[in-house]
Amino acid sequence: MSYVDDVRDAVCAIPAGAVASYGDVGRQAGVGARQAGRAMGLLGDDVPWWRVVYADGTPPTCHGGQASALLRSEGTPLRGTRVDMARARFQWAS
């Protein structure tokens with residue numbers, strides 16, 4: 001299995017209403033944050049890409065900026081335009 005598959009598995013495990021940072025996903029997949037971001041660009045739209053945000057809670061701007069609306073529709077806790085990372089950050093089971 002490639003690291004792209006590992007990133008896909010990590011992202012697909014994030015439930016609606018929760019998020020992870022690129023660094024969180026990278027740690028789960030065994031790669032760095034930038035490599036996780038690169039892998040995200042290779043994944044299809046069937047992966048919940050909007051649930052992966054920057055470490056400060058800023059949603060991604062790809063896909064025409066739809067991430068914020070998708071996060072709101074899932075009831076993700078927000079503080080202004082950013083995700084409330086203290087409340088929304090997903091933790092994978094060890």
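Author: Two residues touch, in what follows, when they have heavy atoms within 4.5 Å of each other. Keep in mind that this is a predicted model.

Reader: Okay, let's use that. Which residues does Asp84 touch, leaving out those up to four places away in sequence?

Author: Asp84 sits in the loop between β4 and α6. With a relative accessible area of 8%, under the 20% cut-off, Asp84 is buried. Once residues up to four places away are set aside, the ones touched by Asp84 are Pro77, Leu78 and Arg79.

Reader: Asp84 also pairs with Arg87 in a salt bridge. Is Arg87 buried or exposed?

Author: The side chains of Arg87 and Asp84 meet at 3.6 Å, N to O. Asp84 is buried, but its partner comes out otherwise. Arg87 has a relative accessible area of 60%, and the line for that class is drawn at over 50%, so Arg87 is exposed.

Reader: How many salt bridges turn up in the whole structure?

Author: Side chains of opposite charge can pair when their charged atoms come close. Arg87 with Asp84 is one such pair, and Asp56 with Arg82 is another. A search of the whole structure gives a total of five.

Reader: Take Arg89 and Asp24, then. How many residues apart in sequence are the parts that this pair ties together?

Author: The closest N and O atoms of Arg89 and Asp24 are 2.7 Å apart, which makes a salt bridge. Arg89 belongs to the segment after α6 (85-88), while Asp24 is in helix α2. So the pair ties together parts whose separation in sequence is 65 residues.

Reader: Which of those two partners, Arg89 or Asp24, is buried?

Author: Arg89 has 33% relative accessibility, so Arg89 counts as partly exposed. Its partner has a relative accessible area of 9%, and anything under 20% is buried. The buried partner is therefore Asp24.

Reader: Which residues are linked with Asp24 in a network of salt bridges?

Author: Arg89 has already come up as a salt-bridge partner of Asp24. The network takes in another arginine too. Besides Asp24, the linked residues are Arg27 and Arg89.

Reader: And Asp56 with Arg82: how many residues apart in sequence are the parts they tie together?

Author: Here the closest N and O atoms are 3.6 Å apart. Asp56 is partly exposed at 39%, and Arg82 is partly exposed at 40%. Asp56 lies in the loop between β2 (52-53) and α4 (62-65), with Arg82 in strand β4 (residues 82-83), so the separation in sequence is 26 residues.

Reader: Back to the helices. Is α1 oblique or perpendicular to α2?

Author: Helix α1 (residues 3-12) packs on helix α2 (residues 22-29) with the axes 9 Å apart and an angle of about 120° between them. Roughly perpendicular covers 65 to 115 degrees and roughly antiparallel starts over 145, so the angle falls outside both ranges and α1 is oblique.

Reader: What is the handedness of the crossing, and which α2 residues meet α1?

Author: The crossing of α1 and α2 is right-handed. From the α1 side come Asp6, Val7, Ala10 and Val11. Across from them, the α2 residues are Val25, Gln28 and Ala29.

Reader: How do the residues of that contact divide into nonpolar, polar and charged?

Author: Take Asp6 and Gln28, which both belong to this contact. Asp counts as charged, while Gln is among the polar residues. The full division is one charged, one polar and five nonpolar.

Reader: How many of the eight residues of α2 are buried?

Author: Tyr22, Gly23, Asp24, Val25, Gly26 and Ala29 are the buried ones. What covers them includes α1, β1 (20-21), α3 and β2. α2 is mostly covered, then, and its buried count is six.

Reader: Which residues does Val47 touch, again not counting those up to four places away?

Author: Val47 is found in the loop between α3 (33-40) and β2. At 1% relative accessibility, Val47 counts as buried. Its contacts are Arg8, Val11 and Cys12.

Reader: Last one: what is the phi of His63 near?

Author: Most residues other than glycine have a negative phi. His63, a partly exposed residue in helix α4, has a positive one. The value is near 55°.

Terms used. Residues numbered from 1 in each chain as written. Predicted model: local features only at pLDDT ≥ 70, side-chain atom pairs only at ≥ 80, totals over all residues. Heavy atoms only, no water. Axes fitted to C-alpha atoms, helices over the stretch in contact; angles between N-to-C directions. Helix = DSSP H or I, 4+ residues; strand = E, 2+ residues; numbered from the N terminus. Parallel < 35°, antiparallel > 145°, perpendicular 65-115°, else oblique. Left-handed = near helix turned anticlockwise from the far one by under 90°. Salt bridge = Lys/Arg side-chain N within 4 Å of Asp/Glu carboxyl O. Buried < 20%, exposed > 50% of the residue type's maximum accessible area, 1.4 Å probe, protein only.
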